[in-house]
Amino acid sequence: MEIDPFIFRFSIFILAIFVGYYVVWSVTPSLHTPLMSVTNAISSVIIVGAIIAALAGSSENIFEISSIFGFLAIVLAAVNIFGGFLVTQRMLQMYKKKKKNK
Amino acid sequence: MISANLSAIFYLVSGILFILALRGLSSPETSRQGNLFGILGMIIAITVTFLTVGNFSTSTIYVFIFLLVGGAIGAFIAFKIPMTAMPELVAGFHSLVGLAAVFVAISAFKNPEAFNLGFPGDIKLASLIEMSIGAAVGAITFSGSIIAFLKLRGIMSGSPITFPGQHIVNLLIGISIFVLIYFLCSSQSESFFWSMIAISFLIGVLLIIPIGGADMPVVISMLNSYSGWAAAGIGFTLENTALIITGALVGSSGAILSYIMCKGMNRSFFSVILGGFGGDASVSNDKKKDQKPVKSGNAEDAAFLLKNASSVIIVPGYGMAVAQAQHALREMVDTLKKNDIKVSYAVHPVAGRMPGHMNVLLAEANVPYDEVFELDDINNDFANTDVAFVIGANDVTNPVAKTDPQSPIFGMPVLDVEKCKSVLFVKRSLSPGYAGVDNELFYRENTMMLFADAKKMTEDIVKNI
């Protein structure tokens with residue numbers, strides 16, 4: 001009997017939760033705010049679904065209902081991707097070590 | 001056009017890069033590199049999606065236009081936002097992820113062929129369940145984050161909004177979502193899909209309104225977690241590994257942060273979620289107030305104390321963020337250091353309105369991160385320190401949490417500020433903190449209250465040193 005592909009995806013999901021669990025515990029508490037903004041940015045990889053939806057419109061009618069929602073989702077996710085990564089970068093630039101010779 | 005197998009491998013690569021992005025945050029040195037990994041992962045995921053669809057029609061141009069429009073807005077916000085507004089920004093960004101998940105679910109429902117899920121009216125059962133869950137969680141994330149955003153921004157009052165029977169109503173609405181998903185799956189009828197989404201929006205609002213302002217660190221972390229689960233739900237629908245991995249990462253990250261925040265307040269997750277904490281509970285304390293003597297001082301007295309100390313610990317809190325006092329504070333510390341006074345900072349896990357809020361503000365004011373310590377690392381040092389300078393923090397310093405089992409904050413880990421030889425407490429008034437508990441510290445022998453705006457007081461102290 002064949003295994004349903006869903007089970008494979010589910011296994012990936014569960015293993016990724018464990019990876020997330022251990023990786024996030026090792027994040028230093030002083031970087032918890034950048035952690036939130038970067039997780040925000042990466043969860044916007046949902047844009048992948050939005051692009052597929054947007055490109056699925058037939059050539060005569062680019063803007064049918066499902067692709068309109070795709071285009072809207074692209075805008076939202078893009079705000080998040082650019083905003084999330086850039087604001088994280090901006091924050092991380094500020095974390096500096098003590099200067100030795102002063 | 002590339003094959004489905006090849007693109008699946010690329011999605012896996014981008015999932016791994018996202019893991020490395022989080023891994024980088026284990027120390028500030030590796031964090032910037034981690035962020036670049038994250039960006040690279042995102043570029044790979046987006047490029048691969050274009051190549052997989054491989055249909056470069058006029059739509060592609062529009063996709064790029066919308067991508068750039070969104071990107072420009074995002075970049076503009078990222079550069080303009082003041083660091084003190086980070087909690088609102090993060091809440092706002094969560095709402096966008098949630099809404100994007102809802103939109104993608106709607107697209108998939110309206111045009112299942114594009115995602116290989118079946119046909120309208122005949123969508124595969126598993127896909128239908130997955131997209132419903134993704135849409136429901138996404139909708140809750142969206143409306144919940146909007147309420148959190150409004151509360152943090154001060155547009156909506158931070159005090160909890162409660163009404164009788166609230167929990168029963170929420171429970172019934174919650175159950176009705178599952179009932180609707182069941183009917184949707186058995187009938188494939190569009191009206192169930194839309195009502196399920198509408199009800200999810202409603203429950204998101206209802207879940208967050210009873211939660212008060214200072215519980216926001218938990219709420220933001222929780223919504224962070226939800227946005228991850230929503231992404232994972234959509235990931236299952238689209239059969240996309242990058243999305244599943246990311247959703248799981250973000251989901252567990254948010255859950256861990258909520259746990260850390262709850263522990264910092266010694267409150268159970270459920271009591272935070274059920275809400276209603278921190279209303280107008282201060283009434284009972286009113287009588288005691290005018291009886292106890294309070295020692296108050298001015299900037300000159302404070303400067304004198306600080307100048308004659310050999311070690312100082314700074315305890316920042318939300319009040320510092322509100323007054324934007326971090327730069328003035330850093331100036332004061334510089335002056336103290338010139339006089340060979342040892343200065344360090346003590347940050348409580350729930351100081352501020354989001355995890356790590358104080359650390360970011362101090363970093364913005366150029367405070368080196370190796371001078372900033374967590375609760376457990378610095379708490380023993382207070383006993384050997386001359387002056388504790390409490391600026392904008394309150395409940396997290398209240399000794400009552402250790403002594404009075406009757407107190408609502410009993411058992412919460414607090415900074416042992418009172419063990420210092422003297423305590424300088426910058427605050428506008430004697431009013432109790434968020435928890436509605438009078439701070440015993442105000443009336444101690446060794447405490448001097450400095451009644452003023454945090455920023456103004458700090459600047460005045462600098463002038464007097």
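**Note on the chain B sheet and a nonpolar surface patch**

1. In this predicted model, B:Val312 stands opposite B:Val343, which belongs to strand β4 of chain B. The two strands concerned, β3 (residues 311-316) and β4 (residues 342-347) of chain B, run parallel and are joined by four bridges.

2. This pair is part of an open sheet of six strands in chain B, whose order is β5-β4-β3-β6-β7-β8 and whose pairing is parallel. At the edges stand β5 (372-374) and β8 (447-451) of chain B, each with a single partner strand, so that one side of each has no neighbour in the sheet. On average, and with direction ignored, neighbouring strands of this sheet are turned by 25° against each other.

3. Helix α12 (residues 299-307) of chain B packs on the sheet, where it touches β3, β6 (387-391), β7 (422-427) and β8 of chain B, and its direction makes about 140° with that of β7(B). Helix α18 (residues 454-464) of chain B lies across β6, β7 and β8 of chain B and runs at about 145° to β6(B).

4. A separate point concerns the surface, where A:Phe63, A:Ile68, A:Leu72, B:Ile61, B:Tyr62, B:Ile65, B:Val69 and B:Ile73 make a nonpolar patch of about 650 Å². The elements that give two or more residues to this patch are α4 (65-94) of chain A and α3 (58-80) of chain B, and the largest share, five residues, comes from α3(B).

5. One of the patch residues, B:Ile65, lies in helix α3 of chain B. B:Ile65 is partly exposed, its relative accessible area being 43%, and patch residues must have over 30%.

Note on methods. Residues are numbered from 1 along each chain as its sequence is written. Chains are lettered from A and ligands numbered from 1 in the order in which they are written. This is a predicted model: local features need pLDDT of at least 70, side-chain atom pairs count only at pLDDT 80 or more; totals for chains, interfaces and linings use all residues. Side-chain values use heavy atoms; hydrogens and water are left out. Patches are made of residues with over 30% relative accessible area and no salt bridge: like charges are joined within 9 Å, nonpolar side chains (Val, Leu, Ile, Met, Phe, Trp, Tyr) within 5 Å. Accessible areas come from the Shrake-Rupley method with a 1.4 Å probe; for residues, only the protein chains shown count as cover. A salt bridge is a side-chain nitrogen of Lys or Arg within 4 Å of a carboxyl oxygen of Asp or Glu. Buried means under 20% relative accessible area, exposed over 50%, partly exposed in between (1.4 Å probe, protein chains only). Two strands pair if DSSP finds at least two bridges between them. Axes are lines fitted to C-alpha atoms, for helices over the stretch in contact, and angles run from 0 to 180 degrees between N-to-C directions. Contact means heavy atoms within 4.5 Å.
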